[in-house]
Amino acid sequence: MQHRELIENTLERKPIPTNAFWIGHPADETKKLYYKELGIKEAELSELEKHNREASVLKSSDADEKEVEFSLKTGSDMTWISPELDLSCWKHPEGKPMWDCFEKGRASLGSAGIFAECEDVQEVEAFDWPNPDYLDFSSTLKRVKYAYDQGLAVFGGMWCPFFHTLSDFFGMENYFVKMHTDKEVVHAVTSHVVDFYVETNTRFFNLAKEYLTAGFFGNDFGTQLDLMIGFNDFDEFLLPSINRIIGTIKKAGLKTAFHSCGSINRVIPRLIDAGIDVLHPLQARAKNMDAKNLETQYGKDLIFMGGVDTQQLLPFGKKEQVREEVLRLRDIFKGHFIVSPSHEALLPDVPFENAMAMSKAAKE
């Protein structure tokens, strides 16, 4: 069974010979280490090219091939491609970032953003919000087509991390406080951010949907123990936006994969009602996110992707321990499971041999 067919059959709960696998989206430093182990040569750029945006874009076809080669050599059945991660897509005429949230930069998640002290919706309306016309999807679309032609399933679309963007515009603590002190301001900023994501996603899916298996987006609103915000606040300030973004994916006729780290067990029923098909990444050591609990409560409604612990097992465990855990997860989730790390951004402390042990066990 080919890679994309294996993923598609998993999503449709059809019979599969082995579990599907995704190695995730390793950090750049990790990828360099893994490339070396796999004999993949990275594209060499001169110092001038590294500072020349157009020259770097010209090298993108080589980078696309390396990414696909990496997926295939690690046994991955899918890849994730988002225009939001492709720096060549955003073409502001004045060189401004997509989200210009800070006047003095950010030192921490709590750093005050430009709306930290805002109490007037008119101030929000007067802000120079990003224009969807400044996005050029050409390079991303080329990457999607190439991965598709090589037989991989592609999960894609704008990443739509509106929760994090809003945290930057206010400063995280200010954002949470303003949910109670300045609701109109929070709703106004939220509308502008999500309007942008809905429009850009709609445009991207119109171009790329025939090559995509699922729309994939994420917002990390869980801690190790529970939600970052109150249950009622989630319903008022996050859930409507999640529904809107899922609507663009469903309209394109795609499955919906949703990412959130942390303990989000309490709102999984809300996410199911909103229309998600795939839950990622199943942070294994977060409260109430263990495999047995998730399968018992939500196995009839969801495809699970992730779950192989990146906090202890993958960085510090032995290859045989990784194999045993993958087989345990397979037994629990049966066929509606894509084997993958419990966080996609594998760090350099995850040995290459453990990553490959995860892949090999998925295919047993």
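**View 1. A right-handed β-α-β unit built from β6, α13 and β7.** The model shown is predicted. Strand β6 covers residues 278-280. Helix α13 spans residues 291-298. Together with β7, these two elements form the right-handed unit. Strands β6 and β7 pair in the parallel sense, over two bridges. Val278 has its bridge partner in β7: Ile303.

**View 2. Strand β7 and its pairing with β8.** Strand β8 comprises residues 337-341. It pairs with β7 in the parallel sense. Five bridges link β7 and β8, while two link β6 and β7. In the pairing with β8, Gly307 stands opposite Ser340.

**View 3. The burial of strand β7.** Strand β7 runs from residue 303 to 308. Six of its six residues are buried, so the rest of the structure largely encloses the strand. Buried here means under 20% relative accessible area. In a regular strand, side chains alternate between the two faces of the sheet.

**View 4. Helix α8 and its surroundings.** Helix α8 takes in residues 162-170. Eight of its nine residues are buried, so this helix too is largely enclosed by the rest of the structure. Among the buried residues are the phenylalanines Phe162, Phe163, Phe169 and Phe170. Thr165, Leu166, Ser167 and Asp168 are buried as well. The cover over these buried residues includes α9 (172-181), α10 (183-208) and α11 (231-251).

**View 5. Gly171, just after α8.** Gly171 takes a positive phi of about 90 degrees. Helix α8 ends at residue 170, and α9 begins at residue 172.

How values were computed: Residues are numbered from 1 along each chain as its sequence is written. This is a predicted model: local features need pLDDT of at least 70, side-chain atom pairs count only at pLDDT 80 or more; totals for chains, interfaces and linings use all residues. Side-chain values use heavy atoms; hydrogens and water are left out. Buried means under 20% relative accessible area, exposed over 50%, partly exposed in between (1.4 Å probe, protein chains only). Helices (H or I, at least four residues) and strands (E, at least two) are DSSP runs, numbered from the N terminus. Two strands pair if DSSP finds at least two bridges between them. A crossover is right-handed if, with the strands pointing away from the viewer, the path from the first strand over the helix to the second runs clockwise. Contact means heavy atoms within 4.5 Å.
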